[in-house]
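Grab a pencil and work through these short exercises. Each one comes with a solution that you can follow step by step.

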Amino acid sequence: MHFIRKKSFHFACGLLTFGFLASCTAPSNVEKALDEQILHFGLGAEPQHLDPHLATSVAAHNILSALLEGLVGEDPKTLKPVPGAAESWKISEDKKTYTFYLRKNAKWHNGDPVTAQDFVYSYRRILTPSLGAQYASMLHVLKNAKSYHSGEKTWKEANVGVQAIDERTLELVLENQTPYFLELLNHYSWFPVHPPTIEKFGASEKMGTPWTKPGNFVGNGPFSLREHRINSVIEVRANPHYWDANLTQLSGIRFYPIETADTEERAFRTGFLHVTQSVSSDRIEYLQNKHPEWIHFEPYLGTYYYRFNVKAPPFDDLRVRKALSLSVNRKLLVEKVLKGGQLPAYCFTPPDTGGFTASDGFGYDPDQAKKLLNAYLKDHGLTKLPPIELNYNTSEGHKKVAEALQAMWKKALGIEIQLLNMEWKVFLSTISKGDYSLARAGWIGDYVDANTFLHLWRSGDGNNLTGWSNKEYDQALTQAERALNPKDRFTHFQKCEELLASEMPILPLYFYVHVSLRHPSVQGWYPTLLDHHPYKYVYLKGEVAK
Amino acid sequence: MKNFFISRLLQAIPTLFVIATLTFFMTRFAPGGPFDSDKAIPEEIKIKLQSHFGLNLPLFDQYLLYMKNLLAGDLGPSFKYVGWDVSELIQLAFPVSLSLGVSALLIALLIGLPAGMLAALRKNTWWDYLPMGIAMVGICLPSFVLGPILIMVFATKLKLLPALGWYSWTDLILPSLTLGLFYAAYVARLTRAGMLETLKQDYVRTARAKGASPGRVLVKHAMRGGLLPVVTYLGPAFAGLVSGSFIIESIFFIPGLGKFFVTAAFNRDYTVVLGTVLFYATLIIILNLLVDFLQAWLDPKAREQR
Amino acid sequence: MAGSESEGAAMSTKAGASLTRDAWIRLRSNRMALVSLILLALVVAFSFIGPLFCEYQYDEQNLDEQFLGPSKQHWFGTDSLGRDLFARTSYGGRISLAVGLLATSVSLLIGVTYGMVAGYVGGKTDAFLMRMVDILYSLPFTIFVILLMVLFGRNFLLLFLAIGAVEWLTMARITRAQTLNLKRAEFIESARALGFSHARILFHHILPNLLGPIIVYATLTVPAVMLLEAALSFLGLGVQAPMASWGSLIKEGAEKMDIAPWLILFPGLFFCLSLFCLNFIGDGLRDALDPKSSKD
């Protein structure tokens, strides 16, 4: 008996010691990266698609911007369009025709030259009805694109406004003047795909083919796809065929789809990650105090808000909607609950979006709120409102906000809010069916122009889902889309915002701030509104504390 | 013996059939589908997506189609990880969960068996109370408490072990320890109880009376009896280890099957859900079979009951 | 054998009084079990009566008092929204214990009935019923509970129904085995001869004699159920905000261990203590009620 006990004890001891010794000497990812120049990036989620025409998520964007390049690139500090696959472009007098001149040395990862025909092929692909691309509507600004995409006409019949004049000249014709067109081109829905690869895997008209797997994927960006292990890591390596390969200093990037902020933080603190996707709001204060050199707060183009179902009581009455909005202490919310330096929202579009800043539509006025509610109650012969259900999708962050608001409304208006935490899919299904009263929502801009926010509230827009419809709003929006002069556009945008404030179909709460942890050795990384960081400008340099 | 195996295998087929059918309809009746997303999809596009995956057929037709493919060994494509097949995903994720489970089990046995035996042999002394006390704590401490504590101590503060991931062999240590300690506690208690039970038996006293040395008595007789309840526990324990490991996989960022399953359930990735459930069920059936076999081998009386 | 017959006679309800008394004496002499019983009673008292002594509600937020350590004002400290932890821990205790109790009751109800019927009726019915149990044993149950909770929403009722439905199989097996044994005992045969209906026999004669193993198993199931609820809370599938259970409190606290250790310390302590006590009591009951079990 002693023998057995001793043996297993010694074995266990030996194993542990060996383990410790082995890892004691192993340097962390961040330490090794100074030599290897490999960026370790917290992706936040496993991307559903690596196909640029099918992708929909931030995670997908982060990888696609490494693997592919569109006609234009982004300035790393301002995100303004700079030459990408196209080295220059011309805009016609009537602002409806854009002619792009592709650069001589733009190449795909296998050495093939990037041609104008590749872009025609790509735009045709995403607009092909049977592909089922969710972001195909981004290309509706092209002339006749909608008629082809809806299946009304064939490609030949539709005569979509994209044409290859020659190998290196691409002409795009727009349906209407679109002032933010060049900004649009930064979205991955406009990225090209390599036609021979697509044809090889039969992916020109359907999804679900293996063309996006490592070894098959051919892109034209600074990096090529090396490894893809689901839920574990996605690795890309610098590609020598990229036209600007001399500028790229990173030799590779490893993306880790870590879903929880706490696990990401643990990874960061043990030197496993250079950059995290998010930070848990509870830990912000602590990190700010202990490690201010790590934590970064960057304005992010997004609005956090609640939707009212204006078709059903009590939110079919404007007074109740206003009462709820006016009695939220947004300042307290961002300072005490969110703590990330978020900005309270008194309008829908984030400030300085493409130069446009809406004036505050309303403020914090709990007395007025009470008055409005009492007027409503009196009219309906009620002493108090029946309990209201608030839907939100499962997340610690949403829960905290919901709980805080629940308490605020109870105190200020005496109304009872029932929190209904739903799992994501159930939540989406419920909202799209209109089966709710009050629901949490968030909207991140796709490009830097107020249009990406305000178009949501157009009558019948697929993302509206509140049941609100206002002709004046629709008109102002269309006028903003057509106007050329920024000043005119901003006037129309302001009108939209004023209507949103006076009708209150939604309850804006705050504007996003992107909070993340970033190691000081990451250079060439600048805060941008869309959280885009062109990787070819990034490199690793500096001291790594042991 | 052979009849035993055959009858059990035959029993497995209707079992799997029932499980497949149950899961299929359960997932379909739940609200939400794989293509609901926060940026609204135009109806026509949604229809296209659904028809690509055959989701626009009447439900019963989909069921028949799925069963037909299943018999041919085809688990279908994933809805969420487009371009990947379910069997591919299981092939990637299962070995991970398996290594985690096996390491945890080894730790459980390496710590639990000797601890339990020691406690039984040194009954009612500190050698008994202390290990059993610790074991009791082990049973009462959830893994999502122990895990972060171990990470905080060994990874963040002492920087001795990795905090997460599944990239090199050192990544195995903390997760298996977290998972294994819980089962070690159970194993210790079961071993102790089993050994005490056996040590009292007549045949053990007879062996002693016949002059067999304590060591021989221990190995040949008592241990067998002590191992019996552990073996009985092993089957469900191992199945539990592999299928319930999603908490550990989540805390330690391990790309195992548990995590796949939970994510698939949340994403309404029907095929992955079905594939994983069937896979686990098959695994459990095989494990139960092995355990019954081991049991019969260890305990002659059990053989007769079959 | 003579031994079993006399035991059978001793197990008839007439002699029940002396059996229970013996059991009680045995239990009382088991110090660990007694201490556990007292501690558990204290925990239950804390959960249900505790809030009376606390001036705060469990959902009362005070955004100026976030993350405060234990003090005279907040005995256990406060959480991220300034809610008093003492109030939340006791409230959480109510929820966790209730879930434990209710889910176990569900599993008992299903399992005992199932097992009794299978054992009593015997024959083909028994074979079929037990085959079903064997099939169900192959289900990866945790998986199914998760699936149920994910798919059909976070209903409190569904929560303990789902958990309860997971645990009844073993109870069914135990009950069936015991019923089979009892069925053959003399006093049952005489009851049949006297013309008592099946139902009466089941409920008046067999069931009381099953109480021993049932109670033991129930006491050991409650901790398993509570752990399962904690695991579900970890996935966000447990109770809805602002309700709290020990499981959800522990989960929240685990993430902030280095900045506010009291958030995990207090709920964790109560949670582990309850499990601890329940296990010891279960062990003690098993030793006390089963005369054949090994004496410690």
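**Exercise 1.** Find how many residues chain C and chain A each bring to their contact.

Solution. Chain C puts in 15 residues and chain A puts in 19, where two residues touch if their C-beta atoms, placed from the backbone, lie within 7 Å. Now sort the chain C side that touches chain A: 6 nonpolar, 6 polar and 3 charged residues. Here Ala, Val, Leu, Ile, Met, Phe, Trp, Tyr, Cys and Pro are nonpolar, Asp, Glu, Lys and Arg are charged, and the others, Gly among them, are polar.

A quick note: this is a predicted model, where local features need pLDDT of at least 70 and side-chain atom pairs pLDDT 80 or more, while totals for chains, interfaces and linings use all residues. Residues count from 1 along each chain as its sequence is written, and chains are lettered from A and ligands numbered from 1 in the order written.

**Exercise 2.** Work out how α6(B) and α10(C) are oriented to each other.

Solution. Start with the axes, lines fitted to C-alpha atoms over the stretch in contact, with angles from 0 to 180 degrees between N-to-C directions. Those of α6 (residues 143–157) of chain B and α10 (residues 246–254) of chain C come within 10 Å and cross at roughly 10°. The two helices are therefore roughly parallel, the label for angles under 35 degrees. Phe144(B), Val145(B) and Pro148(B) meet Ile250(C), Lys251(C) and Ala254(C) there. That makes 5 nonpolar, no polar and 1 charged residues.

**Exercise 3.** Count the helices and strands of chain B.

Solution. Chain B has 13 helices and 0 strands, taken as DSSP runs numbered from the N terminus (helices: H or I, at least four residues; strands: E, at least two).

How values were computed
Parallel < 35°, antiparallel > 145°, perpendicular 65-115°, else oblique.
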